[in-house]
Every structure is written in C-alpha cells, then in structure tokens.
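Me: Could you take me through the strands of this protein and how they pair, in plain words? I'd like a close look at that part, together with whatever packs around it.

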Amino acid sequence: MRLPSLSQLFGRRQTRPAGRDVLQRRFDATSGQRGNATFGSYGPETLAGSAVIARKARYAVENNSWLNNGVATWVTALVGAGITPTPQHPDNASRPMVQAAFNRWAAVSDLDERTDFPGLTAGAVRDMVVSGEAFIQLVTTDEGLRLRRIAPEQVDIAQTGELSSGGRIIAGVEFDAEGRRVAYWVRPVDPTAIFEGYAPPVRVPAADIVHLFKPLGPGQVRGISWLAPVLIRAGELDQLDDALLVAAKVAAMFAGFLIDQNGSASGFPFEGVGADSVMESGLEPGTLKVLPAGFDIKFSGPQNAQQTVDFAKLQLRGIAAGLGVPEYLLTGDLSGANYSSLRAGLLEFRRRVEAIQFQVVVPQLLRPIFQRFVTTAVLAGEIDAPDFESNADQWFACEWIMPAQEWIDPVKDAEATATMIAAGLTSRRRAVAAQGYSVEELDAEIISDRERERELGLSFGETKEAASA
C-alpha cells in the first residue's frame with residue numbers, strides 16, 4: 001500500500017473563481033462559528049482541527065458544569081471502578097496463575113505511583129473524550145512493566161515530513177513505506193507547561209506506545225475531541241446563562257427611573273432627595289412619595305424569563321445529544337423522568353457504551369497492554385509458561401469484564417435474568433459478566449461460602465429443601 005503524498009493528505013490549495021461564495025473546510029468548533037463550510041477527507045480535517053479543538057475542549061470542560069458532568073458520565077460508564085481481565089487459557093491451572101500475576105501487577109502498574117491500572121484506564125478514557133486521544137507509554141523497569149500516561153500534546157503534531165526510507169512522519173506519528181505505524185515523536189516535557197523551554201521530540205517505537213482514539217473515518221492519524229459537536233452550543237449557553245443571571249439581579253433590585261414628562265422639571269436629574277416634603281428620602285415600604293413637578297417614574301420590569309428557560313433546556317438537550325448521553329445524566333434533572341423513559345434511555349446508552357468498550361477501548365488499549373504484561377511476566381519468570389513461544393495466543397486469550405450496569409428495577413430484572421437462564425436463552429457466564437464479575441471467581445466464592453456455612457451450621461443462600469437434605 002502506498003501512502004498519499006503530503007499535498008494529498010493536507011489538501012491542495014484551490015483557486016476560487018471570482019464572484020463565488022467562500023467555502024471553508026473545517027469543524028465548526030475550530031473557528032468558533034458556523035458558516036458556509038464543507039468537510040473534506042477525515043485525514044486532513046482531523047489534523048487541521050485536532051489541536052485547536054482539544055485546547056478549547058479542555059478549557060470548556062474545566063469551566064462548564066454541564067460538559068464536566070457529561071465527560072464524567074462517559075468515563076464512569078466506560079470504565080467505572082475498573083475493567084477486569086479474565087484469562088481464558090485452556091488449562092485450568094494456568095488461568096488462576098495468570099490472573100494472580102496480573103492482579104499483583106495492576107496495583108503497581110503506574111510508573112508515577114499516583115494510581116493503579118483501573119485509574120490509568122479511566123485517565124486514558126477521559127483524555128480520549130476531552131482531548132480526542134490518549135497516549136500511554138509502556139516502560140520496562142527493573143521492577144517489571146510500568147505504564148506512563150502521556151499528555152496528548154506531548155506527541156508533537158508539528159512533526160511532519162518525508163523520510164529517506166520511503167516512510168513519513170505525519171503529526172508526530174511515523175509510518176513506514178507500507179503505511180504501518182512504527183514510532184511516535186514525543187516531547188520529553190509538556191510543551192504547554194509554563195516556564196518550560198522547548199524540548200525536541202524523541203522517537204519512541206510504536207510497540208512502546210498505546211494510542212487510544214475513536215476513529216471517525218479512514219485516513220485519520222490523530223483523534224478529535226468528543227466535545228467538537230457541542231463546543232459552540234455550550235459556549236452560547238454559557239452566555240445565555242450569564243444574561244439570565246443579570247436579568248434576575250436587575251429584577252431583584254426593583255430599580256426605578258424618573259422621567260421628565262415635558263422638559264419643565266427643575267433640578268434634573270433628581271436622585272431621590274428633595275425639599276418641601278417632596279421626595280425627601282428614598283423608597284421605603286408602605287410610603288407614598290410626591291415627585292417634583294414635571295417628573296414621572298417607571299420601574300424596571302424585566303420580561304418573564306420562562307420562555308428563555310425553556311429555550312435553555314432545549315439547548316441542554318442538544319448538548320446531551322451531541323455528547324451521546326441521556327439528558328438526565330447530563331443535567332441531573334429527573335423531574336420529567338419515569339420508569340419507562342429511564343429504561344429506554346439507559347438501554348440505548350448502554351448499547352453505545354458497549355460498542356465503544358469492545359470496538360475501541362479493548363483493541364486499542366486493554367489488549368495490547370495485557371499482551372505486553374503477559375510477555376514481560378513470562379520472561380521474568382512470574383508466569384510459568386514453558387510453551388509460550390509456540391502457544392502465545394493461548395496465554396494472551398482473555399475475556400474483559402466490564403463494569404456492572406446497575407438495574408433500574410432489581411427485582412424485575414433479576415427475575416427476567418433467572419427466567420432467561422432457565423429457558424436457555426443466556427448463560428450464567430454472560431449474566432454474571434453483566435454484573436461486573438468473573439464467573440470463575442464467583443463460583444469459587446460461592447463454594448467457599450457454602451463450606452463456611454456448613455462448618456458454622458448456617459444455611460444462608462440455600463433453599464429449605466437443600467438445607468433439610
């Protein structure tokens with residue numbers, strides 16, 4: 001496969017016939033306005049807008065409560081307390097060995113010692129949602145494999161050029177002549193950090209970098225913030241919110257304005273203190289005041305803001321739709337929700353979450369890290385795998401248990417799940433996995449509970465018939 005030339009990638013400059021409207025190619029969030037625009041191939045469009053949109057998105061998320069909550073909703077739904085791997089090696093003795101080794105490593109996997117593997121996963125997913133992409137470097141230390149989270153802006157997007165080998169560097173990502181990613185060009189320090197000088201990028205092999213982003217189309221090299229469709233709307237809603245707040249303050253002041261009716265008033269402007277028993281003080285409850293001759297008074301009465309509030313709610317629905325989350329999860333407003341609407345909204349959202357988990361997060365982030373962990377652990381002797389070279393796929397086999405999706409009505413959902421298992425429409429493994437557990441670990445816990453109950457003469461979790469038997 002031959003890579004496109006740089007002119008093809010970034011788009012050739014076109015001449016515009018005189019008298020025609022200007023057509024601009026862009027994400028609206030890049031310029032901050034809507035216009036008569038077109039949208040070209042995903043490769044050049046995303047490269048042109050990714051860095052600008054990422055900066056705007058980071059600012060908006062940290063300053064807009066709605067967007068901050070929407071991002072938190074996605075991170076919680078995709079990762080929750082953590083995504084758990086369950087090794088699927090065909091040997092019954094090998095599975096718990098790999099599981100135990102991974103559990104020990106997950107607790108110390110963060111090179112910066114700030115969190116653990118679930119925390120790193122959540123941080124990477126948040127970077128993907130806010131900045132459009134996430135980078136994690138796989139570092140082999142004396143203690144074993146460690147993970148380092150890299151800020152997306154550290155991968156130098158300005159690093160672009162042709163290579164003598166036939167490959168090229170595009171936005172900090174190096175490709176070989178066949179179009180395969182072979183390296184990333186990473187600045188050692190954050191280029192946006194205050195008081196930090198420029199540090200030239202360092203070439204890091206692609207095998208040591210995990211690059212996570214949700215692809216929009218073919219040819220895309222860097223990710224685009226998930227907030228791109230809603231940044232303009234969110235900014236305008238902020239302005240509307242400020243305007244409503246000012247209007248409420250003006251209404252609360254109950255301000256009045258003195259008006260000279262015929263131009264005959266003397267002493268204008270009149271500020272509320274007069275003489276001869278005429279408006280000698282300001283307004284007080286229960287008092288009647290006489291204005292000077294020629295003056296009338298009008299009080300400030302801001303228009304009813306109810307229609308504006310309804311419009312603001314409509315904008316919030318648009319932001320929720322753009323982010324792909326149910327409206328009540330964005331706003332926290334359950335006033336118009338009921339069981340049916342909650343269930344319908346959650347089911348659709350969960351299908352979307354599941355698609356991203358298994359189509360993006362697992363193949364781009366979790367699977368490469370797990371395979372690198374297993375390889376490192378085998379080489380270090382932490383996993384006894386004499387047949388690893390010939391049967392690596394068996395040792396890499398893994399089922400990822402996603403965080404449990406809480407039931408809306410536990411009694412009804414539990415009864416429905418039990419009925420489906422009894423009818424053979426699903427398996428216990430799938431039902432248990434939906435609750436965020438591994439069926440092997442759950443069965444082991446049940447066996448342990450039963451043994452302890454029998455030793456103590458208890459019968460928790462057993463039917464009366466089983467207990468009497």
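Reply: Happy to. Let's begin with S6 and strand S7 (residues 168-170), which are joined by 2 bridges and run antiparallel to each other. To find that pairing on your screen, look for Gly161, which stands opposite Ile169 in S7. Please keep in mind that this is a predicted model.

Those two strands belong to an open sheet of 5 strands, ordered S6-S7-S8-S9-S10, and the pairing in this sheet is antiparallel. Its edges are strand S6 (161-162) and strand S10 (202-205); each has a single partner strand, so one side of each is left without a neighbour in the sheet. As background, strands of a sheet pair through backbone hydrogen bonds, either parallel or antiparallel.

Edge strand S10 gives us a residue to look at up close, since Arg203 lies in it. Is Arg203 buried or exposed? Neither word quite fits: Arg203 has a relative accessible area of 41%, so it counts as partly exposed. Leaving out residues up to four places away in sequence, Arg203 touches Glu174, Val182, Ala183, Tyr184 and Trp185. Arg203 also has Val186 across from it in space, with 6.4 Å between their C-alpha atoms although the two are 17 residues apart along the chain.

Tyr184, one of those contacts of Arg203, takes us on to a second sheet. A search of the whole structure finds 12 aromatic pairs. One of them is made by Phe135 and Tyr184, which meet edge-to-face with 5.8 Å centre to centre and 75° between the planes. This pair links distant parts of the chain: Phe135 is in strand S4 (residues 134-141) and Tyr184 is in strand S9 (residues 181-186), 49 residues apart. Both Phe135 and Tyr184 are buried.

Now follow Phe135 into its own sheet. This one is an open sheet of 3 strands in the order S5-S4-S11, again with antiparallel pairing. Here the edges are strand S5 (144-150) and S11, each with a single partner strand, so one side of each has no neighbour in the sheet. From one strand to the next, the twist averages 20°.

S4 pairs with both of the other strands. With S5, S4 shares 7 bridges and runs antiparallel; in that pairing, Gly144 in S5 is the bridge partner of Thr141. With S11, S4 shares 4 bridges and again runs antiparallel, and here Phe135 has His211 in S11 as its bridge partner. That makes Phe135 a handy landmark: it has a bridge partner in S11 and an aromatic partner in S9.

What about the faces of S11? In a regular strand the side chains alternate between the two faces of the sheet. Strand S11 (residues 209-212) has both of its faces covered: Ile209 and His211 are buried on one side, and Val210 and Leu212 are buried on the other.

A helix also packs against this sheet. H10 lies across S4, S5 and S11, and it runs at about 165° to S11. The same helix, H10 (residues 339-380), packs with helix H5 (residues 94-106) at an angle of about 105°, their axes lying 11 Å apart. H5 and H10 are therefore roughly perpendicular to each other. Their contact brings Val98, Ala101, Phe102 and Trp105 of H5 up against Ile369, Phe370, Phe373 and Val374 of H10. Several of these names return in a single aromatic cluster, formed by Phe102, Trp105, Phe117, Phe370, Phe373 and Trp400.

One more stop is worth making, at Asp127 in helix H6 (residues 117-131). Asp127 counts as buried because its relative accessibility is 11% and the limit for that label is under 20%. Setting aside neighbours within four places in sequence, Asp127 is in contact with Gly132, Glu133, Ala134, Arg149 and Pro152.

Finally, here is the wider setting for these sheets. The protein chain has 15 helices and 14 strands, and of its 469 residues 36% count as buried. Among contacts between residues at least 6 apart in sequence, 63% join residues at least 24 apart. The pair of Phe135 and Tyr184, 49 residues apart, is a good place to see two distant parts of the chain linked.

Technical notes
Residues numbered from 1 in each chain as written. Predicted model: local features only at pLDDT ≥ 70, side-chain atom pairs only at ≥ 80, totals over all residues. Heavy atoms only, no water. Pairing = 2+ DSSP bridges. Phe/Tyr/Trp six-rings, centres within 6.5 Å; stacked < 30°, edge-to-face > 60°. Buried < 20%, exposed > 50% of the residue type's maximum accessible area, 1.4 Å probe, protein only. Axes fitted to C-alpha atoms, helices over the stretch in contact; angles between N-to-C directions. Parallel < 35°, antiparallel > 145°, perpendicular 65-115°, else oblique. Contact = heavy atoms within 4.5 Å.
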